[in-house]
Amino acid sequence: MKCNQGVRTSAARDVASWKLVLALICPVFLAGVSVAVAQPTDLKTFAKARGIDIGVAVSFPSTGRAQFDSTLTRNFTGMVAENDHKWGNISSAPGTYSWTNADRIVDFAQQQGMNLRFHNFIWHQQSSYIANGHSNGVAQPTDPNKYTRDQAFTHMRNHIGAVFDHYRSKNQLSVFSEWDVVNEATARDSGNDDTAHLYAGMRRSTGNALNLDSGLSRWTGYTQGETHDFDYIDSAFAIAHRNDSTARLVYNDYDAESRGKKSDAVYNLVSKLKSRNIPVNVVGMQCHWYIGPSNSGSSGAWDPQQVRENMARIGALGLDISITELDIRYQNPSDSVKRAQQSAAYETILSICLAEPHCKRFYVWGIRDASSWVISRFPGYGSPLLFEGSGTTYTPKSAYYGLISVLQSGTAIKSAPGVRNRAFGLSFQNTEPVRDLMGRRMSSLPDRPIFAAQKGASLKTSPNASR
Ligand code: G3I
């Protein structure tokens, strides 16, 4: 099933159906919506009224800041750096940091009173020197420029600590509403993975045609013939928690929204993290989706009912859900029918999020179509976002108005997630005593994984395993 199908709230469904009918009988109608209808008021007004945090990924343009900033602050309650907080963007070598662009985003969010998601600590892309784990999918343990597993863990610990220390020193930790600690750890082909590991279906250092895993091989130990149950994930969360015990910590992934092998892998991962008291609070559902025919080899199909079910089972674990990177592309050229279908899809996922008590944030991956990553990544496809235009023009699209109609149509008010992470409280107990907010005991902890099945301890049978 494609994303424009499925159950919505009746009001949202009515609005979407109405638009679709108009689009079919009068194609110029919807084409004209985005320009003919004055912006009634701003998305943010309606988001606040419903108590949901609606945010957007931000890359500040080099020109036209006034219009960009105005669109951003008038419409969104939250933001996330599209690239500026990634490891490779702030640190080119161990201990070497360039904070200028990263700080600009944090300062802006603070000045505007916006929520800020941190994206991200551990990822296999844009990971700078940590990507030196292996070359072309083959481990190079004897290469002095490549890291051992212990060294990789040390870099991870130091990097996470450096970011927390930096924003603590600026008294800005409270600006961050949540932190993407581990990003996209499951394999694209999760189903072919073994069951020998505690976290089945994880991305491994070899066997991925796109060779996406370069940074993680030394952490997983896989290329060295070791198996560590992918405990770099445990350690990343534990390290983040030790640096700020009140931080909301996120596992974030794509193509794991509907039911399937990849979402099962994520569910398996987070349920085991939870049961072992690894501090994770939120599952991030990226939602890079499409309508109409898929481009070959791409992902992004989804099923509304399955998304609902998947959110419900994650919520039942006591975890919150954030929609973190939503965009809905379609094949060029754009037309009124596709616009209507896209709007219906946006409305559907917002309706699902509003109806699910644990879904509290709704973030779109960019403001305007022309700047979306989709343009270069999926040639022939585009139009994924809520605004269009060029230069200094930011014109709201049908989907923008569709979101407003959904926000207007319901009465339920969510428990506002938006203020700060402190409002959530903590839902886990870390079995390893937290020394202080600075994590000063970190130096006494091993660089090796903290919760690893070392010395014969079995993670599988010892839910409260501690060091
Ligand atoms: O900044 C350099 C610039 O100096 C250089 O001239 C130019 C030449 O290509 O590259 C610029 O860097 C690019 C960067 O975006 C900033 O525009 C990188 O090449 C490009 O790879 C990078 O793409 C980002 C991508 O992550 C990296 O894999 C996209 O903007 C960003 O939207 C995308 O976001 C990811 C999320 O982090 C995780 N989930 C999937 C999502 C989409 O891939």
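This note sets out numbered points on the predicted model shown above.

1. Overall make-up. The protein is built from 14 helices and 16 strands. It has 467 residues, of which 58% count as buried. About 17200 Å² of the protein is exposed, and carbon and sulfur atoms supply 52% of that area.

2. Contacts across the sequence. A contact may join residues that are close together or far apart along the chain. If one takes the contacts in the protein with a separation of 6 or more, 78% of them come from residues 24 or more positions apart. Two residues discussed below, Gln306 and Ala93, offer particular cases of C-alpha atoms separated along the chain, by 46 residues in the pair with Gly260 and by 62 residues in the pair with His155.

3. Surroundings of the ligand. Which residues come nearest to the ligand? Among the 14 residues around it, they are Glu82, Lys86, His119, Gln125 and Glu325. By character, the shell divides into 3 nonpolar, 7 polar and 4 charged residues.

4. Nitrogen atoms of the ligand. Three side chains deserve attention here. In the side chain of Glu325, an N or O atom is 2.7 Å from a nitrogen atom of the ligand. For the side chain of Glu184, the corresponding distance to a ligand nitrogen is 2.8 Å. For the side chain of Gln286, it is 3.0 Å. Taken alone, the ligand would expose 790 Å², and the protein buries 47% of that area.

5. Glu184. This residue, already named for its distance to a ligand nitrogen, also has a notable backbone. Most residues other than glycine have a negative phi. Glu184 is not a glycine, yet its phi is positive, at about 60°. Its place is the loop between β8 and α8, the latter spanning residues 217-220. Is Glu184 buried or exposed? Its relative accessibility is 8%, so Glu184 counts as buried, the limit being under 20%.

6. Asn171. A second positive phi in a residue other than glycine belongs to Asn171, with a value near 55°. Asn171 lies in the loop that runs between α7 (149-169) and β8 (176-183). Because its relative accessibility is 64%, Asn171 counts as exposed, whereas Glu184 is buried.

7. Cis peptide bonds. Most peptide bonds are trans. The bond from His119 to Asn120, however, is cis, with omega near -5°. Asn120 belongs to strand β5, which covers residues 115-122, and His119 is one of the residues that come nearest to the ligand. Another cis bond leads from Asn332 to Pro333, again with omega near -5°. Pro333 is found in a loop, between β12 (320-331) and α12 (336-355).

8. The disulfide. How many disulfides does the structure hold? It holds 1. The partners are Cys353 and Cys359, whose sulfur atoms are 2.1 Å apart. The angle about the S-S bond is -95°, and the link is left-handed. Cys353 has 0% relative accessibility and therefore counts as buried; Cys359, also at 0%, counts as buried as well.

9. Cys287. Why does the sulfur of Cys287 not form a bond with the closest cysteine sulfur? That closest sulfur belongs to Cys359 and is 8.3 Å away, which is too far for a bond, because a disulfide requires sulfur atoms within 2.5 Å. Cys287 counts as buried, with a relative accessibility of 1%.

10. Gln306. Helix α11, made up of residues 304-316, contains Gln306. Its relative accessible area is 27%, so Gln306 is partly exposed. Leaving aside residues up to four places away in sequence, Gln306 touches Glu257, Ser258 and Arg259. In space, the C-alpha atoms of Gln306 and Gly260 are 9.0 Å apart.

11. Ala93. Strand β3, residues 91-93, includes Ala93. This residue is partly exposed because its relative accessible area is 27%, a value that lies between the limits of 20% and 50%. Apart from residues up to four places away in sequence, Ala93 touches Ser128 and Tyr129. The C-alpha atom of Ala93 is separated from that of His155 by 9.9 Å.

Methods
Residues numbered from 1 in each chain as written. Predicted model: local features only at pLDDT ≥ 70, side-chain atom pairs only at ≥ 80, totals over all residues. Heavy atoms only, no water. Near = heavy atom within 4 Å. Polar contact = N/O pair within 3.5 Å; in protein donor to acceptor, adjacent residues only side chain to side chain. Areas by Shrake-Rupley, 256 points an atom, 1.4 Å probe, with all protein chains shown as cover. Nonpolar A, V, L, I, M, F, W, Y, C, P; charged D, E, K, R; others polar. Helix = DSSP H or I, 4+ residues; strand = E, 2+ residues; numbered from the N terminus. Buried < 20%, exposed > 50% of the residue type's maximum accessible area, 1.4 Å probe, protein only. Contact = heavy atoms within 4.5 Å.
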